[in-house]
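User: Please take a close look at the interface between the two chains and describe how it is put together.

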2 protein chains.
Amino acid sequence: MRSVSVIGIGETKMGSFPDKSLKDLILEAGNKAIEDAGIEKERIEALFLGNFNSSYWCNQSHMGPMAAETLGMQDIPTIRTEGACASGSLAFRQGLMAIASGMYDVVIIGGVEKMTHQSTPVVTAGLASAADYEYEVKMGATFPSLFAMIANRYFYEYGNVRKEMAMVAVQNHDNALLNPDAQMHKKITIDKVYGGFPVAYPLTVYDCSLVTDGAVFVVLSATEIAKEITDKRVVEIIGSGHGGDSLTLHGKTSMTSLNATLKAAKEAYDMAGVKPSDIDIAEVHDCFTITQIVNTEDLGFFEKGKGARAVAEGKTALDGEIPINTSGGLKAKGHPIGATGLSQIYEVVTQLRGEAGERQVKKDINIGLTHNLGGSAATCVVNIFKGW
Amino acid sequence: MRSVSVIGIGETKMGSFPDKSLKDLILEAGNKAIEDAGIEKERIEALFLGNFNSSYWCNQSHMGPMAAETLGMQDIPTIRTEGACASGSLAFRQGLMAIASGMYDVVIIGGVEKMTHQSTPVVTAGLASAADYEYEVKMGATFPSLFAMIANRYFYEYGNVRKEMAMVAVQNHDNALLNPDAQMHKKITIDKVYGGFPVAYPLTVYDCSLVTDGAVFVVLSATEIAKEITDKRVVEIIGSGHGGDSLTLHGKTSMTSLNATLKAAKEAYDMAGVKPSDIDIAEVHDCFTITQIVNTEDLGFFEKGKGARAVAEGKTALDGEIPINTSGGLKAKGHPIGATGLSQIYEVVTQLRGEAGERQVKKDINIGLTHNLGGSAATCVVNIFKGW
């Protein structure tokens, strides 16, 4: 397959923006990415848009042409992809394949979500549609309850890691303090997590990711022409994997080792020809604190059952052996569903370029990984990036 | 690019099925396609699902893994695509590219929609989300009103074709009478169309496509392995094009020559190395009767302004020089939004195989075309097929 690279990135601040429309968010992030790439719009051949549920929250489907028209590129073909919280990564992967296949040379990928203007029940119902309506949602399940079951099963199999889950939250909040685009700039403590509003045992509100408005765009080109377009450090996509599993939690063979992650990671590592120990930094899906721990094990960073201890030992901190979620993660940077996967890519590219400011990882870094889940791990996309 | 062929097709009957769930529809159409291909499920590597708005109508997003789990293939990666009424064709095109790029050898594409259980206002609001909410829907526009504007502008530029629009409806109803899967088995007359419930001048209810539940699945493989899997006539995808235009109707440079169709058609014809006159049969997007007329011109079957007369002269009839919508079209076969593009492909493949029963085109046919629009022509996918 033809090599593909990231040549431009742009994102909005993450947060609650009652005065900004979907179009405002798209315009800001899209133009930033195009400007960052230093490319004329006329060279962009197609747009791939990740959006989870604007149909439900904003009365707006068919977001591909809407985004292209908003960015003044209405002449190009567009597509919207949806795979719950992995919608943005799926758009990215389709754009990657479209260049790899030879169909296009330069494409733009976007992700956007606007949800904070809705009431909590409407936000919750919209999010719950990413689970199985007949088997799960009708019975009262929401995502906090599904991931709480995963946490409880993990406790049963590997011991109680309540404290380490809280440390994931503390660490990600610490990182977000250094990220100007993060939604949450608030230092927290383990006791604060323990004492948070109970959501679904053992999860308190501090174990849960945020409700966020935001948009992120990324410009991709064939690597062979990247250097003629941009002066920045070119970041090549050396590996990409896409794994699937049952939509239902009960349909999965394990609740503590997620098949979708295992398959996406294997595909990405094989394509890149690298091992987990070669990864310098990673953004890992932390919709809940337990999710980050399980995923860092399934990605091969730590042995099964040892992911929690690794957090406690500081291995995943900004100055640790493999910094995880330097952006603040879904937990504190924010979780603008359709844009989340691209926000992870934004962070890894920023770090690999050495442009992360106060939160820049101090050691030399060359290889970064993004891991994005949809639903209770029914969809997973893993990408591996190398800076040249 | 590597050649890709259709090796299996399956569809449900189109209609109103209060007792069937999304899963029931998926199960029926998916299993029919797999059985038609004569393939073991284990050989299918990925699933691409077109769905427009089950999030809104059925509380169900994240339909990719739901479909895979329902079909007993939960181990494969999945993606949902959405581009309004072109959602199914977009899924098809992503599956095509995925095989063409070398990523996979065999994939399954599905499309499904369930909407008849909702009240008319909820159906209408869900459909309207495929237009621009801020500029169009908030101001009261719905799709009948947008396409009524197109009809009126067409009258202004090319003369009043009210009668020929009615003849499109009569012809598509005639074809549907011969299609056992069609939703509408009802012979109509021009006077009946004229006297139908007025929707948006000049459109009456008989100028409008149907509200439909249904599902369609298609199995694709690399052409080089198609013959070892299936005994049926292999139908190769020799051309595919994807065009975009502004989401808003006011943003388009013309209302009577649709850029998205022009661009998708050019790309598909160029890739296939064929001309409009080489096409033996076509399924053309007829969300409204005027749409079919405009599109048959933009596809190059008839000169601009002559598409209506061609209908009156019987050129598009089952025994005409280029039979259009032998299935009955969106108008009478039905319009299960996310499945519609795949339903067109189902018909063309069935005709090219010579398996269309009573509605089989009598002359020798080798090349067929499908044309699928999203919104007021903001998205268009054209595919060209050849039977070997």
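Analyst: In this predicted model, A:Thr81 has B:Thr81 as its bridge partner in β3(B). The strands to which this bridge belongs, β3(A) and β3 of chain B (residues 78-82), pair in the antiparallel sense, and three bridges join them.

Around this strand pairing, the interface involves 58 residues of chain A in contact with 57 residues of chain B. About 4700 Å² is buried between chain A and chain B, with 48% of that area on carbon and sulfur atoms. On the side of chain A, A:His62, A:Glu82 and A:Met103 together account for 14% of the area that chain A buries against chain B, which is more than any other three residues supply.

Turning to the polar side of the interface, 38 residue pairs are found in polar contact across chain A and chain B, both residues of each pair being at pLDDT 80 or more. The side of chain A that touches chain B draws two or more residues from each of several elements, namely α2 (54-58), α3 (63-70), β3 (78-82), α4 (87-100), β8 (235-244) and α10 (259-272) of chain A. By residue class, that side of chain A comprises 23 nonpolar, 23 polar and twelve charged residues.

As for charged pairs, eight salt bridges are counted between chain A and chain B. One of them links A:Lys23 to B:Asp132, whose closest N and O atoms lie 2.8 Å apart.

How values were computed: Residues are numbered from 1 along each chain as its sequence is written. Chains are lettered from A and ligands numbered from 1 in the order in which they are written. This is a predicted model: local features need pLDDT of at least 70, side-chain atom pairs count only at pLDDT 80 or more; totals for chains, interfaces and linings use all residues. Side-chain values use heavy atoms; hydrogens and water are left out. Contact means heavy atoms within 4.5 Å. Buried area is the accessible area (1.4 Å probe) that two parts lose on being put together, summed over both. A salt bridge is a side-chain nitrogen of Lys or Arg within 4 Å of a carboxyl oxygen of Asp or Glu. A polar contact is a pair of N or O atoms within 3.5 Å; within protein, one must be able to donate a hydrogen and the other to accept it, and residues adjacent in sequence count only if both atoms are side-chain atoms. Helices (H or I, at least four residues) and strands (E, at least two) are DSSP runs, numbered from the N terminus. Ala, Val, Leu, Ile, Met, Phe, Trp, Tyr, Cys and Pro count as nonpolar, Asp, Glu, Lys and Arg as charged, and the others, Gly among them, as polar. Two strands pair if DSSP finds at least two bridges between them.
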